[in-house]
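Trainee: I have a structure to learn to read. Can we go through it one question at a time?

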Amino acid sequence: MPAVRRYTANLKYLFGRGRTGGSGSGHAPWRSLRYRSMRWWSVANLVSNAGTWMQLTAQNLLVLQLTGSAAATGLSLSVQAGPGLLMGLFGGAVVDRWPRKVTAAVSQAMLGLVAFLTAFLVATDQLNYGLLMALSAVTGIIATVDGPATSLLGNDLVRKEDVPSAIAVGSLVHSVGRLGGTALAGVAVGVLGTGAAYAANGVSFLFVAAVIPFLRPVGQALRGRGEASDAQRKVSLEKAPKPAAAPVEADPEPAMTAREGVAFFMRRPRLVALAVITGLSAIFGRNYQLTLAVLVTGPLAAGAGAFGTVSSVLAAGGIVGAILAARLRKPSVKLVGALAAAGGLLQAVAGLSPSLILLLVLVLPMSVVESVSDTAGTTVLQTDPPPNMRGRVLGVWRSLSTGWGLVAPPLLGLLMEWAGARGALVAGGLIIAAVTGLGAVLHTRKGTIRTAPATAAAYRTAA
């Protein structure tokens, strides 16, 4: 079948076979680190991620100290994530309207000030739950601008074909920063108090803001290399006689509105297909910390230690997947669909696992596929739109992903109540694979129908 052959070709492409189109070094996982600015940006991101996870860990402890309620802890995280649903579109429009480096530097500095203010309130014993919720909301609002600004700035530091490597390196940096930040939070809170974690996060934000002015986007760097030859060319052109220029009407400046971003997104079939695939995966799969926890401690009759082993395998698979994803050069929505279908089938088989050993064998490729799919999808999302629309496209995506994050856990919980952990894994995986496969078949048929009249007309013309 054509669809099966296409999926196989996409998976071969992942491992560097088939459509190479370049030297072997072009698929090196760490090729994005050849750029000096990208190396500095990765260091800054590592510091920032460690600081962020220090603050998140300390925040959970702080809310428990203030309220003694686990529900209040969850609510504080929802308040911080909520602005992404309501204001993600406007944050993306801001990123498209303002210079990217300036926007990222200002947003990082503002996040640092909020962290320092929280640390001061904790140190002076003036922080209460209401103030903490307000500061969490402010952090979430700033993040609607900071998220797309920093993501796109990182991509600007490398060539387009090296963006998958940059995103994969960022994923690894995020994982390392999460582990390091969580560990450092325990030390900081235990020795210096909760406010120290917020202060450390403030320092990390200011460090990133200080690095940003020295970063050099790849287009600017390429222009800089040719300045000497361009200067000579300009001198010769200035000496030549200049023809009279015809009057040209100035193009009206495009409106940098959030509505325009939504309209562009909906007119882009690839982005809509990517949203459908990612949304299905977010709702019916990927919530393995919930589904696998119930499966391991329930039907498989293993303990919490066994689930810890499963979680470790998931983390290891994510790292392996990030390294594999860094080999990509031009990922497509078809590749994301192939990976989603493969992940759905693996999830369905995992739901039927009769033993913990077999589950561990399946969990590793599940995590690898998820990690590669995330990197491929993020690359398409950040490189498919024209540069002047990318901020708004990421704003639309932030609103969608926040909605999935809020809707998925309750829906998955209801599915588990109805079908159990095994049923939820099997049904969810089959839904993902079936819908993705149906979409591929319909896309293939649509392309065939469009091609057939043109082919017939060509034959009639030749006759």
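**Two cavities, some helices and a few residues**

Mentor: This is a predicted model. Helix H14 (333-351) and helix H15 (356-383) each give at least two residues to the lining of the largest cavity.

Trainee: Which helix gives the most to the lining of the largest cavity?

Mentor: The lining has 13 residues, and those closest to the cavity centre include Ala340 and Gly343. Both numbers fall in the range 333-351. With five residues, the top contributor is H14.

Trainee: What is the volume of the largest cavity?

Mentor: A search of the whole structure turns up two cavities of 30 Å³ or more. The second largest holds about 50 Å³ of space. For the largest, the volume is about 110 Å³.

Trainee: How many charged residues are in the lining of the largest cavity?

Mentor: Start with the residues closest to the centre: Ser281, Arg286, Tyr288, Ala340 and Gly343. Arginine counts as charged, so Arg286 is one such residue. The full lining divides into six nonpolar, five polar and, for the charged group, two.

Trainee: Which helix has the largest share of the lining of the second largest cavity?

Mentor: Helix H2 (36-67), helix H4 (100-123) and helix H5 (129-156) each give two or more residues. Now look at the lining list: Leu132, Leu135, Ser136 and Thr139 are on it. These numbers fall within 129-156. With four residues, the largest share comes from H5.

Trainee: How many charged residues line the second largest cavity?

Mentor: Check the names. Among them are Gln55, Gln59, Gln80, Val114, Ala115 and Tyr198. Five residues of the lining are nonpolar and six are polar. The count of charged residues is therefore zero, as only Asp, Glu, Lys and Arg belong in that group and the lining has no charged.

Trainee: Thr118 is on that lining list. Is Thr118 buried or exposed?

Mentor: Thr118 lies in helix H4. Beyond four places in sequence, Thr118 touches Leu127, Leu132, Leu135 and Tyr198. Its relative accessibility is 2%. Buried means under 20%, so Thr118 counts as buried.

Trainee: Which residues does Thr291 contact, apart from its neighbours within four places in sequence?

Mentor: Thr291 sits in helix H12 (residues 288-297). At 4% relative accessibility, Thr291 is buried. Its partners away from those neighbours are Leu412, Met416, Ala421 and Leu425.

Trainee: How far does helix H13 reach from its first C-alpha to its last?

Mentor: H13 covers residues 304-325, which is 22 residues. At 1.5 Å a residue, 32 Å is expected. The model comes close to that, at 31 Å.

Trainee: Which residues of H13 are buried?

Mentor: An α-helix has 3.6 residues a turn, so residues three or four places apart point the same way. Keep that spacing in mind as you read the list. The buried residues of H13 are Ala306, Phe307, Val310, Val313, Leu314, Gly317, Gly321, Ala322, Leu324 and Ala325.

Trainee: What is the phi of Asp125?

Mentor: Most residues other than glycine have a negative phi. Asp125 lies in the loop between H4 and H5 and is exposed, with a relative accessible area of 69%. Its phi is positive, near 60°.

Trainee: Where does Ala301 lie?

Mentor: Ala301 is not a glycine, yet has a positive phi of about 55°. Ala301 is exposed, with a relative accessible area of 68%. Its place is the loop between H12 and H13.

Trainee: What distance separates the C-alpha atoms of Arg34 and Val158?

Mentor: Arg34 is in the loop between helix H1 (2-14) and H2, and counts as exposed at 52% relative accessibility. Val158 is 124 residues away along the chain. Their C-alpha atoms are separated by 9.0 Å.

Trainee: How many contacts beyond four places in sequence does the model have for residues 10-24?

Mentor: The mean pLDDT of the chain is 80, and 81% of its residues reach 70 or more. Over residues 10-24, pLDDT stays under 50. Where pLDDT is low, the predicted coordinates should not be read in detail. With that caution, the number of contacts for residues 10-24 is 23.

Methods
Residues numbered from 1 in each chain as written. Predicted model: local features only at pLDDT ≥ 70, side-chain atom pairs only at ≥ 80, totals over all residues. Heavy atoms only, no water. Buried < 20%, exposed > 50% of the residue type's maximum accessible area, 1.4 Å probe, protein only. Contact = heavy atoms within 4.5 Å. 1 Å grid on protein atoms, 1.4 Å probe; cavity = no way out; pocket = protein on both sides within 12 Å on 5 of 7 lines; lining within 4 Å. Points joined across faces, edges and corners; volume = space filled by probe spheres on them. Expected span 1.5 Å × (residues − 1). pLDDT = per-residue confidence, 0-100.
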